[in-house]
Structure formats: structure tokens, C-alpha cells
Amino acid sequence: MFKSNLLESLSKVHFTVPIFIFVPVILFCVYKALFENHIGLLNFFELFILGLFVWTFVEYIMHRFIFHYMPADKPWALRLHFIFHGVHHDYPSDAKRLVLPPSVSVPLATLFYFLFNAILPTNHIWGFFPGFILGYLVYDISHYAIHHFNFKGNIWKKIKQHHMLHHYQDPGKGYGVSSPLWDKIFRSDFIKK
């Protein structure tokens, strides 16, 4: 994908790497929320669930409007699309390019941390951010599993079907990977029989 060996190596990652990077972040935030800032267990869980929910929206928006941004009259945008997401559509079973590499996910997580910290009331970030990051991890790991595992449970089969339709029927629909909720709300869902 890149002429530079360094850039090429930064574009690939084993699916477990995000777990090793972000689980300590989640644990640190939980510690800060409960033991340093004492935000209360109920308040923590409310913020945590809100973070998970907001992640599903961010996942949808990024997939639809950033990862699939490819205006034909802008060659730089087409190249950027291929680097960020197009390679995944061309090679959907490439195990090393199914999750965001740390060279992308760490800076993005940092930007989101500062954005949410600026928006949320004081110390609420410590309850919200671990939910948001857990949402990202669920997305990343389930996306890998969708492409590499056969599921027995009906919920997972439906999630896999939804994503496979995005890959093999119409890449202009089905942007929600971990949940089709926002596809239903924004009418980018498939008509399923």
C-alpha cells in the first residue's frame, strides 16, 4: 500500500493490539472516576452508557462521511479514502487491516478525549470516556470477528449479515458495523427479507 516500509508497517496491526492499548486506558479512567473524583456509582454507569451510545453515533458518522468520502474530482481524497478504508473494501479478509492501527486510533482517541473533556461538565470525562473507548474496542474486535468467524447466535448473525451486505451488495448503505441503529434512523439501512 505504501512505498515506505515504515508507513507500510504502521498500516497493519494484529487484532489484539487495541485491547492491550485501550484496556489500561479504560481501567485508568474507571479508577479516576470512582476513587479520585468520587463521581458515584450510578452517575458513573449513566456516563459510561452514554459514552457507549455516543460511540455508536461516532462510528456511523465516521464510517459514512469520512471513510466513504471519495469525490471523483479530488485525487488526494481518493487516495486518502483508499488508505483509510478502500483497502478494506478491496481486501475485506486481510486480517492485518481490519482494525484501526495505533498510528490512527491513538491520535483519534486523544482528539476525542480533549473534545469531550471540553464539552462535558468537570470530571464527567472519567465516566464517559471509558464507555466511549469500550464502544470502540467492541467495534474493532467485532469487526474482525465478523470477517473471520462463523456465528451461531441470531444477534451476531444479523450483525454479520448487515455488514456483509455493506461489503457485497451496496457500500452506500449499512454504515453501522456494531449496530444498525443509526442506519435505521438515517435511512441508510438495507431492505432485509
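**Exercises on an internal cavity and its surrounding helices**

About 160 Å³ of space lies in the largest cavity. The model is a predicted one, and the exercises below are worked from it.

**Exercise 1.** Determine which residues and which elements line the largest cavity.

*Solution.* Begin with the number of cavities: the structure holds one cavity of 30 Å³ or more. Next, take its lining, which consists of 17 residues. Nearest the centre of the cavity lie Trp55, Met62, Leu100, Leu108 and Tyr136. Then assign the lining to elements: α3 (41-67), α5 (102-119) and α6 (125-148) each give two or more residues. Of the elements, α3 contributes the most, with six residues. Finally, sort the lining by class: 14 residues are nonpolar, two are polar and one is charged.

**Exercise 2.** Compare the expected span of α3 with the distance between its end C-alpha atoms, and list its buried residues.

*Solution.* The helix has 27 residues, and at 1.5 Å a residue it should span 39 Å. This figure follows because the expected span is 1.5 Å times one less than the number of residues. In the model the end C-alpha atoms of α3 are 36 Å apart, which agrees with the expected value. For burial, the criterion is a relative accessible area under 20%. The residues of α3 that are buried are Phe44, Leu47, Phe48, Gly51, Trp55, Thr56, Val58, Glu59, Tyr60, Met62, His63 and Phe67. Among them are Trp55 and Met62, which also belong to the residues nearest the cavity centre.

**Exercise 3.** Classify the ring pairs that phenylalanine 116 forms with phenylalanine 128 and with phenylalanine 132.

*Solution.* The whole structure contains 27 aromatic pairs. For phenylalanine 116 and phenylalanine 128, the ring centres are 4.7 Å apart and the planes meet at 65°. Planes over 60 degrees apart count as edge-to-face, and this pair is therefore edge-to-face. Phenylalanine 116 is in helix α5 and phenylalanine 128 in helix α6, so that the pair links parts of the chain 12 residues apart.

The second pair is treated likewise. The rings of phenylalanine 116 and phenylalanine 132 have centres 4.9 Å apart and planes at 70°, so this pair too is edge-to-face. Because phenylalanine 132 lies in helix α6 and phenylalanine 116 in helix α5, the pair ties together parts 16 residues apart in sequence.

The last step is burial. Phenylalanine 116 has a relative accessible area of 8% and is buried; phenylalanine 128, at 2%, also counts as buried. Phenylalanine 132 is buried as well.

Technical notes: Residues are numbered from 1 along each chain as its sequence is written. This is a predicted model: local features need pLDDT of at least 70, side-chain atom pairs count only at pLDDT 80 or more; totals for chains, interfaces and linings use all residues. Side-chain values use heavy atoms; hydrogens and water are left out. On a 1 Å grid over the protein atoms alone, a cavity is a set of points where a 1.4 Å probe fits but cannot get out, and a pocket is an open set with protein on both sides within 12 Å along at least five of seven lines; lining residues have an atom within 4 Å of a point. Grid points are joined across faces, edges and corners, and a volume is the space filled by probe spheres set on the points. Helices (H or I, at least four residues) and strands (E, at least two) are DSSP runs, numbered from the N terminus. Ala, Val, Leu, Ile, Met, Phe, Trp, Tyr, Cys and Pro count as nonpolar, Asp, Glu, Lys and Arg as charged, and the others, Gly among them, as polar. Buried means under 20% relative accessible area, exposed over 50%, partly exposed in between (1.4 Å probe, protein chains only). Rings of Phe, Tyr and Trp (its six-membered ring) pair if their centres lie within 6.5 Å; planes under 30 degrees apart count as stacked, over 60 as edge-to-face and the rest as tilted.
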